[in-house]
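Let's take a walk through this structure together, starting from its interior and then turning to its charged pairs. Please have the model open as you read.

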Amino acid sequence: MTGWRALCAGLVFVAVATTAAAGVGTLHGSLDTRGVWISFVLGAAAATLTWRTARAPHARITVADTVLFIVFGLASLRVFLWLLYPSGTEWKIQSPHNLGDIALHLNLINRWANGGKFWPDNPFLSGAAFAYHPGMDLWNAALRIGGVPLIEGLRWTGLLGAAATAAALWRWGRGFALAAFLFAGGLGTIWALCATGSLDPMQSETAWKNVFLAMFVTQRGLLYALPAGLVLMTVWRAQLDGHNGGPFLPPAVQVALYASMPLFNAPAFLFLSLHLAVCALSAWRRSPVRPFVAVGLASVIPATWLVHMVTAGFTAGGSLRFFPGWMQEDQGPVFWVWNFGVFLPLVALAGIGVFRRGATAGDRAAWLTGAATLAFSFLFLVAPWPWDNTKLILWGYLAVLPPVWQLVICERPAWLRGALCILLFASGATSLAAGLSLPNGYRLADRAELGGMQVMLRNMPVDARLACAHEYNHPALLLGQPLAMGYDGHLYSQGLDYSQVEHDLDTLMNGASGWRDAARRLETRYLFWGPREQAKWPRSTKPWIDCAVGIASAEGWKLYLLTPCLLED
């Protein structure tokens, strides 16, 4: 029971403190020390109330569960202690999946911690709305303002988020859910290993990659969304089943976890909203429906405010389109075996059991929501990049795990249970081992280059937009400066049309005809020129040298103020 209280209280602390920081930041225009500590106090008060009211029965942890907890812990230590670390003259990261994502998160954390505008214009594209769910980045910015160093904040957030996720997975589906999360995958990795004799840590030929490596480490919002969402699903299942000794949370605590979800992970909020509706409909005749309706109604105002924020005032363009087969293309049925193995047939068998064998209302609601989410994700795209559908597939995958175990696998003879688990998890376990065994890490930035850029940026306002090369690891991007155009991989995944901005940036940096007008359209008064820019625009005439003010320089680097140039015709 103590573990359940600690889990729920910790999640509520993060939910309330981060949401309060968003509110204070919105009212004040930026984050400061006083606002952060007010947010932490509010979070601590909510966590204390949660500790006093949450309850759950004692549940036995088996030997197999213990082994899986150990594996989860070791994997988490490996990826989060080396999430971002110094190595000689470089900053490195452990996971190749994280090379692009970590730069975006570092930009937001550093910008807000440095006093940048909140809620910001898009820091990665001039003139664009900022439609994103940066809850964990806001949390880490608050920690940094509160005195926790950046690297330590990232590490401890990762480790504590991993511990909360492991505990919530176990509450939701016991050891089977832990194994399914750690070792997700079809037969692709084993198949490739047998065919080539080698492993690809990036799983480049696989769409449904190892969840732990490809999503949990890179999608920072999941550090909150996964444990909070699983806690809600566990409580709602218990409510549907009349509790029966299951975990309990007061409606107010459920509202805190659910209503804050848009700030951390929009796909999770969509899935949980669907699941809450399914639970309410399922409870209409069998169980009291009032708790589900109360949570939904009480969440309307705070959740709507956060959705308004992360969609840039409901202006973010939708990317929904019919795309049957997801990433199947011309692979046919082999695609589904390669990526999911026997999992989807087991889901279908669980569906038969749900409707024919007297399954509990909680398992039935979980299967209906999960199966509907999977079917929707395989028929429609919700983002420009098809792989981003995995952010919804993950929730459908987790939702159906208890029915699959209870109604299909658990009742089989021991030899058949073992065989099914091998078919389900051997490939994903191999992928996890390959991904964790990478010895040398991947270069993110040069430490001296980052330090030099940090000194130069002191000469320009934290909210001033900078024209520079649009690379994922540009030091200005990593340090939190908003750019005329950031890494195009970030922009594409957010569905942003950056063609005109890219054209204007090329015009400005090349010094082509109309470069002053291009700078005005980009809303930038600052230009940086260094080796990256020289390599990207080698034929630049650099006409701004004659009229701009050089406000900072180092060997091979120059930071210019373009205002004098822009005052000319």
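What follows looks at the nonpolar core and then at the salt bridges. Keep in mind that this is a predicted model.

A good place to begin is the largest nonpolar core, which has 195 residues. The residues with the most contacts inside this core are F181, F212, Y224, V231, W236, L466 and L508. Which helix gives the most to this core? That is helix α6, spanning residues 150–182, with 17 residues.

Now pick out Y224 and look at what surrounds this residue. Leaving aside neighbours within four places in sequence, Y224 is in contact with L11, V14 and A15. Its contacts also include M136, and they take in A256, L257, S260, M261 and F264 as well.

From here we can turn to charge. Side chains of opposite charge can pair when their charged atoms come close. In this model there are nine salt bridges, and a few of them deserve a visit.

One of them joins D137 and R220, with N to O at 3.0 Å. This pair links distant parts of the chain, 83 residues apart. D137 belongs to helix α5 (residues 135–145), while R220 lies in the loop between α8 (211–216) and α9 (222–240). Are these two partners buried or exposed? D137 has a relative accessible area of 2%, so it counts as buried. R220 is buried too, because its relative accessible area is 4%, and the cut-off for buried is under 20%.

Next, move along to R532, in helix α25 (residues 531–536). R532 forms a salt bridge with E449, and the closest N and O atoms are 3.2 Å apart. E449 sits in helix α20 (residues 447–457), and the two partners are 83 residues apart, so this pair again links distant parts of the chain. Both R532 and E449 are buried.

R532 also meets the side chain of E471 in a salt bridge, at 2.6 Å from N to O. E471 is found in the loop between β6 (466–467) and α21 (475–478), 61 residues from R532. How does the burial of these partners compare with the cut-offs? With a relative accessible area of 27%, E471 is partly exposed, whereas R532, at 14%, counts as buried, because buried means under 20%.

Put these two pairs together and you have a network of salt bridges linking E449, E471 and R532.

How values were computed:
Residues numbered from 1 in each chain as written. Predicted model: local features only at pLDDT ≥ 70, side-chain atom pairs only at ≥ 80, totals over all residues. Heavy atoms only, no water. Core = buried A, V, L, I, M, F, W, Y, C linked by side-chain atoms within 4.5 Å. Buried < 20%, exposed > 50% of the residue type's maximum accessible area, 1.4 Å probe, protein only. Helix = DSSP H or I, 4+ residues; strand = E, 2+ residues; numbered from the N terminus. Contact = heavy atoms within 4.5 Å. Salt bridge = Lys/Arg side-chain N within 4 Å of Asp/Glu carboxyl O.
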